[in-house]
Amino acid sequence: MTEHDDLPAAARTRRLEERLIAAGLTSDDEIDEFLTRLYANASPVNGAQLAARAWTDPVFRELLLADGNAAAAVFGFSVPSPDKHGYQLRVVANTDQIHNVIVCTLCSCYPVSLLGPSPGWYKSFAYRSRTVREPREVLAEFGVTLPDTVQISVWDSTSEARYMVLPARPAGTEALDAGQLAGLVTRNGLIGTALV
């Protein structure tokens with residue numbers, strides 16, 4: 001265990017920022033400008049729009065599952081690609097046989113531009129450690145009880161690869177358009193801790 005493991009995340013983040021500034025790689029103003037741009041349009045509504053389009057457009061669904069960055073770009077959402085110091089967006093689909101849940105075991109890597117700011121529980125040590133060991137129990141605490149026949153896949157986000165869940169389309173929604181469908185999708189559904 002290193003000395004900074006006991007520090008709150010905000011203090012560790014500030015230490016890293018100070019090192020980057022001291023090395024001449026950035027400035028406080030540049031960091032603030034980046035965060036302002038990021039949070040200005042970051043919302044789970046963005047991820048919900050991707051999910052709804054995937055539910056109604058099989059070609060887009062294939063693109064979303066094959067190349068999340070390209071699919072996000074179709075909507076104009078900011079997901080910097082790995083070659084531009086960003087990450088690869090990987091989207092995993094829930095089915096009748098598989099339920100996916102996202103975690104970041106090291107910190108709190110998360111596709112902010114598509115899901116909005118991460119919830120406090122996502123960053124908690126309990127969620128980060130328990131989801132890998134006992135995902136069925138963690139999901140039950142969120143109110144998601146799955147049959148034993150459903151396999152749970154846990155996806156560990158990193159700085160290079162961030163994940164989003166494509167929830168299963170709810171039954172009885174065939175008459176809804178993409179806008180109405182997007183209204184059914186929650187941030188927790190895009191993380192996997194809710195069914196929609």
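**Helix α3, a salt-bridge network and the surface of the chain**

At the start of helix α3, Ser43 sends a side-chain oxygen to within 3.0 Å of the backbone nitrogen of Val45. The model described here is predicted. Helix α3 covers residues 44-56, 13 residues in total, and spans 19 Å from its first C-alpha to its last, close to the 18 Å expected at 1.5 Å a residue. Its buried residues are Asn46, Gly47, Ala48, Leu50, Ala51, Ala52, Ala54 and Trp55. Arg53, by contrast, does not count as buried: at 29% relative accessibility, the residue is partly exposed. Arg53 also pairs up with Asp57 in a salt bridge, and the closest N and O atoms of the two sit 3.2 Å apart.

Stepping back to the whole chain, there are 11 helices and four strands. Of its 196 residues, 39% count as buried. The accessible surface adds up to about 10,900 Å², with carbon and sulfur atoms holding 55% of that area. As for how the chain folds back on itself, take the contacts with a separation of 6 or more: 65% of them are between residues 24 or more positions apart.

Three salt bridges turn up in the structure. Besides the Arg53 pair with Asp57, there are two that involve Arg130, a residue of helix α8 (residues 125-133). One is with Glu134, at 2.5 Å from N to O, and the side chains of Arg130 and Glu134 also register as a polar contact of 2.5 Å. The other is with Glu141, at 2.8 Å from N to O. This second pair ties together distant parts of the chain, with Glu141 in helix α9 (residues 135-141) and Arg130 in helix α8, 11 residues apart. Since the bridges share partners, Arg130, Glu134 and Glu141 end up in one network. In general terms, side chains of opposite charge can pair when their charged atoms come close.

The three members of this network do not sit at one level of burial. Arg130 is listed among the buried residues of α8. Glu134 is partly exposed, because its relative accessible area is 25%, while Glu141 is exposed, because its relative accessible area is 56%. Leaving out residues up to four places away in sequence, Arg130 touches Pro135, Glu137, Val138 and Glu141.

Arg130 has company inside α8, where the buried residues also include Tyr127, Arg128, Ser129 and Thr131. The buried residues of this helix pack against a mix of helices and strands: β2 (98-103), α7 (120-123), α9, β3 (151-156) and α11 (187-191).

Strand β3, one of those packing partners, is home to Ser153. This serine counts as buried, because its relative accessibility is 13%. The side chain of Ser153 makes a polar contact of 3.3 Å with that of Gln151. Setting aside neighbours within four places in sequence, Ser153 is in contact with Ile98, His99, Asn100 and Val101.

Over in the N-terminal helices, Leu20 lies in α1 (residues 9-22) and is partly exposed, because its relative accessible area is 33%. Together with Leu16 and Leu25, Leu20 makes a nonpolar surface patch of about 290 Å². As a general point on helices, there are 3.6 residues a turn in an α-helix, so residues three or four places apart point the same way.

Helix α2 (residues 28-41) is where Asp28 is placed. Asp28 is partly exposed too, because its relative accessibility is 36%. With residues up to four places away in sequence left out, Asp28 touches Arg14 and Ile21. The C-alpha atoms of Asp28 and Glu18 are separated by 8.6 Å, and the two residues are 10 apart along the chain.

One more helical residue rounds off the picture. Ala66 belongs to α4 (residues 58-66) and is exposed, because its relative accessible area is 67%. The C-alpha atoms of Ala66 and Arg90 are separated by 7.8 Å, with the two positions 24 residues apart along the chain count.

How values were computed
Residues are numbered from 1 along each chain as its sequence is written. This is a predicted model: local features need pLDDT of at least 70, side-chain atom pairs count only at pLDDT 80 or more; totals for chains, interfaces and linings use all residues. Side-chain values use heavy atoms; hydrogens and water are left out. Patches are made of residues with over 30% relative accessible area and no salt bridge: like charges are joined within 9 Å, nonpolar side chains (Val, Leu, Ile, Met, Phe, Trp, Tyr) within 5 Å. Accessible areas come from the Shrake-Rupley method with a 1.4 Å probe; for residues, only the protein chains shown count as cover. A salt bridge is a side-chain nitrogen of Lys or Arg within 4 Å of a carboxyl oxygen of Asp or Glu. Buried means under 20% relative accessible area, exposed over 50%, partly exposed in between (1.4 Å probe, protein chains only). A polar contact is a pair of N or O atoms within 3.5 Å; within protein, one must be able to donate a hydrogen and the other to accept it, and residues adjacent in sequence count only if both atoms are side-chain atoms. Contact means heavy atoms within 4.5 Å. The expected span of a helix is 1.5 Å times one less than its number of residues.
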